[in-house]
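This briefing covers two topics in turn: the protein surface at a DNA strand and a metal site. Please keep the structure in view while reading.

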There are 2 protein chains.
Amino acid sequence: MNKKSKSLSKNQKIVLDFIQKNKKPVKAYSILSNVQKKGINAPPQVYRALDKLIKIGKIHRVESQNSFVACKISNCDTPHKTVFSICNSCEIVSEINDPKLFKNLKDFRDKDGTVFDGYNLEFFGTCKSCKNKQIENTKH
Amino acid sequence: MNKKSKSLSKNQKIVLDFIQKNKKPVKAYSILSNVQKKGINAPPQVYRALDKLIKIGKIHRVESQNSFVACKISNCDTPHKTVFSICNSCEIVSEINDPKLFKNLKDFRDKDGTVFDGYNLEFFGTCKSCKNKQIENTKH
DNA sequence: AGTATAGTGTTATAATATAACAAATTTTTA
DNA sequence: TAAAAATTTGTTATATTATAACACTATACT
Ligand SMILES: [Zn+2]
Ligand SMILES: [Zn+2]
Ligand SMILES: [Zn+2]
Ligand SMILES: [Zn+2]
């Protein structure tokens, strides 16, 4: 049994379960208040679980939002290579799985030829649904 | 005289000046403690200046560090299209100016064909100087 | 069984960021 | 140039996000 298949601890399961249930990214203190009934009482319990889940790639941190979202790509690399699109209007986040873009990022070298271990890319725009709403509003 | 050439306010100048003096990104409260002698007394004065400087593209926020760094690319776009390399070891940040990469990012569309307004990309690795130090250490 | 590693529960506190409001300054427009 | 609008300031208080430290428990490894 290799390390990666080791099962999650109680708190890790509770936190992951809550994050996976949510379509949108969730904030640490929102997780806390929502899992208190399950026996998680204090911030460190949440943050420890988050740290571990991030480390093993089950979730990602959305840096521009201080929020956390379940990984949508089963074999997401660690150290992390993540790409998200983020709606400026409703703040919904989608994880992007685009092989061509991944290749461009993986192959990138800086001026010194440095190879990077990982990256995080966040695209910002207006999602389809919000764009439609905006069009609706200009009609009236 | 267009809007972009309008001069900065007193606090904005003080904050920008401090950020530009630093090779590494700086934190908001470090800015605060370093400019108190210039008459900036409280966090909102710093954060307001930061917000404005970010908006006009004079500085960028390094999302993974909660820190702020002067723009090294004179004509950096707003809304922002930023690429950084970040050393995991010394946390030094370099702004990357790579036309080919910029083009790849600019041309990217998601599955729905959405065009994005901006993006932020952070690469993580070990900088040349830190890599050399590591090699030195393994010699002994 | 014994040791090492990882996880738990808890309290306190650090670090980062914003709300709200009155006053002053600068820019725009009439 | 005077009035109106927009921006910036100074200030106090508070919200939000995250970690330190410590004693203890559970699990995995040899
Ligand atoms: Zn993922
Ligand atoms: Zn949206
Ligand atoms: Zn820039
Ligand atoms: Zn370094």
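Helix α3 (43-55) of chain A, with α1 (10-21) and α3 (43-55) of chain B, each supply at least two residues of the surface near DNA strand D, where near means that a heavy atom of the residue lies within 4 Å of the strand. Helices are DSSP runs of H or I with at least four residues, strands are E runs of at least two, and both are numbered from the N terminus. The model is predicted: local features need pLDDT of at least 70 and side-chain atom pairs pLDDT 80 or more, whereas totals for chains, interfaces and linings use all residues. Residues are numbered from 1 along each chain, chains are lettered from A and ligands numbered from 1 in the order written, and side-chain values use heavy atoms, without hydrogens and water.

**DNA strand D**
- The strand is surrounded by 18 residues, the closest being A:Tyr29, A:Arg61, B:Asn41, B:Gln45 and B:Arg48.
- Sugar or phosphate accounts for 50% of the strand D atoms within 4 Å of the protein, and bases for the rest.
- A polar side-chain atom of A:Tyr29 lies 2.7 Å from a base nitrogen of strand D, within the 3.5 Å limit for a polar contact between N or O atoms.
- Phosphate oxygens of strand D lie 2.6 Å from a side-chain N or O atom of B:Gln45 and 3.0 Å from one of A:Tyr47.

**Zinc ion (ligand 4)**
- The SG atoms of B:Cys87, B:Cys90, B:Cys127 and B:Cys130 coordinate the zinc ion at 2.3 to 2.4 Å; donors are N, O or S atoms within 2.8 Å of the metal (3.2 Å for Na, K and Ca).
- B:Cys90 lies in the loop between β3 (81-87) and β4 (93-95) of chain B and B:Cys130 in helix α5 (residues 128-139) of chain B, so the pair ties together parts 40 residues apart in sequence.
- B:Cys130 is buried, at 5% relative accessible area (buried: under 20%, with a 1.4 Å probe and protein chains only).

How values were computed. A polar contact is a pair of N or O atoms within 3.5 Å; within protein, one must be able to donate a hydrogen and the other to accept it, and residues adjacent in sequence count only if both atoms are side-chain atoms. Buried means under 20% relative accessible area, exposed over 50%, partly exposed in between (1.4 Å probe, protein chains only).
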